[in-house]
Amino acid sequence: AKGVREITLLGQNVNAFHGIGPDGQVWNLAQLLRHLSLIGGVERLRYTTSHPREMDDDLIAAHADTPAVMPYLHLPVQAGSDRILKAMNRKHTAAEYLAIVEKLRAARADIALASDFIVGFPGETERDFENTMALVRAANYAQAYSFKYSRRPGTPAAEMHGQVAPEVADDRLQRLQALLLEQRRAFNAGQVGRRLPVLFDRPGRKPGQVQGRSPYQQSVHIEGPQSLIGRIAEVEITAATDNSLTGALVPAQAAA
């Protein structure tokens, strides 16, 4: 009623959600998303942050059968080495993660993925790091966040043997970030020429501009009236940078 068009469900391992639904039964996240999609005026649903272990078949199916669920998913993996994943207590393997990615893409061909990575975790070898790079190439991300392991007193990892030298971790982080940037650039460039529904939510940085978000969480700038704010409108993408897209309102809507 107040004009909200998009809802993001937030939680630590949000896809592990179970709660009592209006029917008195225990619902999972997929059921909750389908229920929220019935609210009049709500056109976009997102959830974050997810854990691979909780990505069940019903939630994957919701990406296919519930149009309001956006085709963009932040699914952190942290590393591509099973040995390091075990040391991190992640409780999944690289192959299991990639199998989930394959299922998601089979359910929703246009889905884009984001992830998190930590390099230089105690015990990480060059081979472990190369396994991470291989996973990144296989998954092909639209966006990702990558960090160098930071030793924190009182944590189990701080007492582990094989602490990685800072200069080695720095080198690995730079190599990983270069690959992730290459993938992000390619994904953004791939939007040029497409028409995307954009939810406008603020004035642009320049006079006469408005800014919004694509279904893939990309920032989109166009020349347009402030009256677009709070609306979803179709935009033809004309240019892309590392971090944003530029476009033009399709003529039919520009006249609306």
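**Group meeting: two cores and a barrel**

Okay, so the largest nonpolar core here has 38 residues, and Tyr47, Met55, Leu104, Phe117 and Tyr141 have the most contacts inside it. By nonpolar core I mean a set of buried Ala, Val, Leu, Ile, Met, Phe, Trp, Tyr and Cys residues joined through side-chain atoms within 4.5 Å, where buried is under 20% relative accessible area with a 1.4 Å probe, protein chains only. Among the elements giving two or more residues to this core are helix H1 (29–36), strand S4 (44–48), helix H4 (94–107) and helix H6 (166–189). Helices (H or I, at least four residues) and strands (E, at least two) are DSSP runs, numbered from the N terminus. There's also a second, separate core of 17 residues, which includes Val198, Tyr216, Leu228 and Ile237.

Quick housekeeping: this is a predicted model, with local features needing pLDDT of at least 70 and side-chain atom pairs pLDDT 80 or more, while totals for chains, interfaces and linings use all residues. Residues are numbered from 1 along each chain as its sequence is written, and side-chain values use heavy atoms, leaving out hydrogens and water.

Now, the barrel. It's closed, with 5 strands in the order S8-S9-S10-S12-S11 and mixed pairing; strands pair if DSSP finds at least two bridges between them. S8 (195–203) runs antiparallel to S11 (232–240) over 5 bridges, with Arg195 opposite Glu236. S8 also pairs antiparallel with S9 (209–213), through 4 bridges, and there Phe200 faces Gly212. In that hairpin, with 5 residues between the strands, Gly208 has a positive phi near 85°. The parallel case is S10 (219–223) with S12 (244–249), joined by 4 bridges; Val220 partners Leu245.

Key. Buried means under 20% relative accessible area, exposed over 50%, partly exposed in between (1.4 Å probe, protein chains only).
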